[in-house]
Structures are given as C-alpha cells and as structure tokens.
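Me: I'm new to reading protein structures and would like a close look at one part of this one. Could you walk me through it slowly, as you would for a first-year student?

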Amino acid sequence: MKCARCGTEYPDTENGCPACGFGASAKLTLRGQAGELSTTVDLDVGKALGARIIGSDSKYMDDVQFMLRYRDDKWYVKPYPRVKNQLYVNGSALVSEIELSDGDKLSLKDKAGFMDVVMV
C-alpha cells in the first residue's frame, strides 16, 4: 500500500502510514501528570517518551519499558523483557501481552508513573 499523503510504502496490515499516520483508524493516547502522547502506529515506550508523559517518575523506566502494538483493530501492551521495574495494568503486574481498553490505568512499581489509556 502507498500512503496518499507522504508516498511511503507499507503493508496492508498497518494501522495507517507508519511514517506520517495518515489513514489510521484507531488512535491510542497515554495521559499522565506531565502530558500526553498519542500514536496510531506501533510504539516502544521507555524513559525518553515516559518523561513526556509522567515527568520525573520516568526515572523508574528502562530505555524500553513496554511495547504498544496494534493489530486486528485492537491495541495491545506487551512488557519488554528484563526490565528493572514491572509495568502494572489496572493494579496487576503485566507478565504477558494483553489487550488494552479505554480507561485502563498503566503504572510503574504499582505506585508511580500513572498513565491513563484513552482510545479514539
């Protein structure tokens, strides 16, 4: 498939253009105390992006903390292997990939770095 906006070639299985986001059917936003981050494409979230969302609590994150993946019209969160501090979803430790829902709560160390999941 070729993006009508930027011309990037990408597979039909993508949620819109991976380069510019054009044509995406579902957007996921993470909101925290420092700001928010929205995506329409698969994304690895770690310390750098975490600082934009949760501010100083990003110190508990590794360079890659978790992965957001979109497939079959659903968003999933998957833990990155061997992180120092686990990611929690709605208060439960994330040990394998799970489907995300609007209103889910992500956090670090079960007490820091709270992020709200918003889907459009």
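Me: With which residue does Arg71 form a salt bridge, and how far apart are the closest N and O atoms? Please start there and then show me what surrounds that part.

Reply: Happy to! Please keep in mind that this is a predicted model. Arg71 forms a salt bridge with Glu97, and the closest N and O atoms are 2.4 Å apart. Arg71 belongs to strand E4, while Glu97 sits in the loop between E7 and E8, so this pair ties together parts of the chain that are 26 residues apart in sequence. How open to the surroundings are the two partners? Arg71 is partly exposed, with a relative accessible area of 34%. Glu97 also counts as partly exposed, at 29% relative accessibility.

Let's stay with strand E4, which covers residues 66–71. Another arginine in this strand, Arg69, forms a salt bridge with Asp44, with 2.8 Å between the closest N and O atoms. Here too, distant parts of the chain are linked: Arg69 is in strand E4 and Asp44 in strand E3, 25 residues apart. Arg69 is partly exposed at 22% relative accessibility, and Asp44 is partly exposed as well, with a relative accessible area of 36%. The side chains of Asp44 and Arg69 also make a polar contact, at 2.8 Å.

Now look around Asp44, which is found in strand E3, residues 43–45. If you set aside its neighbours within four places in sequence, Asp44 is in contact with Leu49, Val64, Phe66, Met67 and Arg69. The C-alpha atoms of Asp44 and Leu68 are separated by 6.2 Å, although these residues are 24 apart along the chain.

To see how E3 and E4 fit together, step back to the sheet. An open sheet of 4 strands has the order E3-E4-E5-E8, with antiparallel pairing. E3 and E8 are its edge strands, each pairing on one side only. At the E8 end, strand E5 (residues 74–79) pairs with E8 in the antiparallel sense over 2 bridges. One place to find this pairing on your screen is Val77, which stands opposite Ile98 in E8.

Next, follow the nonpolar residues. In soluble globular proteins, nonpolar side chains tend to be buried together. In this model, the largest nonpolar core has 22 residues, and the members that touch the most others are Leu30, Phe66, Leu68 and Leu106. Strand E4 is one of the elements that supply at least two residues of this core; the others are strand E1 (28–31), helix H1 (47–54), E5, E6, E9 and strand E10 (112–119). Leu68 has many contacts to look for: not counting residues up to four places away in sequence, Leu68 touches Leu28, Leu30, Asp42, Leu43, Val45, Trp75, Tyr76, Val77 and Leu100.

Some of those core elements take us into a second sheet. This open sheet has 6 strands in the order E2-E1-E10-E9-E6-E7, and its pairing is antiparallel. Its edge strands are E2 (36–39) and E7 (92–93), each of which pairs on one side only. Further in, strand E6 (residues 87–89) and strand E9 (residues 105–108) run antiparallel and are joined by 3 bridges. Within that pairing, Val89 has Leu106 in E9 as its bridge partner.

The second sheet has a salt bridge to compare with the ones you have just met. The side chains of Lys105 and Asp116 meet in a salt bridge, 2.6 Å from N to O. Lys105 is in strand E9 and Asp116 in strand E10, so to speak two ends of a link between parts of the chain 11 residues apart. Lys105 is partly exposed, with a relative accessible area of 43%, and Asp116 counts as partly exposed at 32% relative accessibility.

One last residue makes a nice contrast. Asp104 lies in the loop between strand E8 (98–99) and E9. Asp104 is buried yet has no salt bridge, and the nearest side chain of opposite charge, Lys105, is 8.8 Å away. What does its side chain meet instead? A polar atom of the Asp104 side chain lies 2.8 Å from the backbone nitrogen of Ser101. Leaving out residues up to four places away in sequence, Asp104 touches Val89, Asn90, Glu99, Met115, Asp116 and Val117.

To return to where you began, the Arg71–Glu97 pair is one of the 4 salt bridges that the structure holds.

Definitions and conventions: Residues are numbered from 1 along each chain as its sequence is written. This is a predicted model: local features need pLDDT of at least 70, side-chain atom pairs count only at pLDDT 80 or more; totals for chains, interfaces and linings use all residues. Side-chain values use heavy atoms; hydrogens and water are left out. Two strands pair if DSSP finds at least two bridges between them. Contact means heavy atoms within 4.5 Å. A polar contact is a pair of N or O atoms within 3.5 Å; within protein, one must be able to donate a hydrogen and the other to accept it, and residues adjacent in sequence count only if both atoms are side-chain atoms. Buried means under 20% relative accessible area, exposed over 50%, partly exposed in between (1.4 Å probe, protein chains only). Lys and Arg count as positive and Asp and Glu as negative; His and the chain ends are not counted. A nonpolar core is a set of buried Ala, Val, Leu, Ile, Met, Phe, Trp, Tyr and Cys residues joined through side-chain atoms within 4.5 Å.
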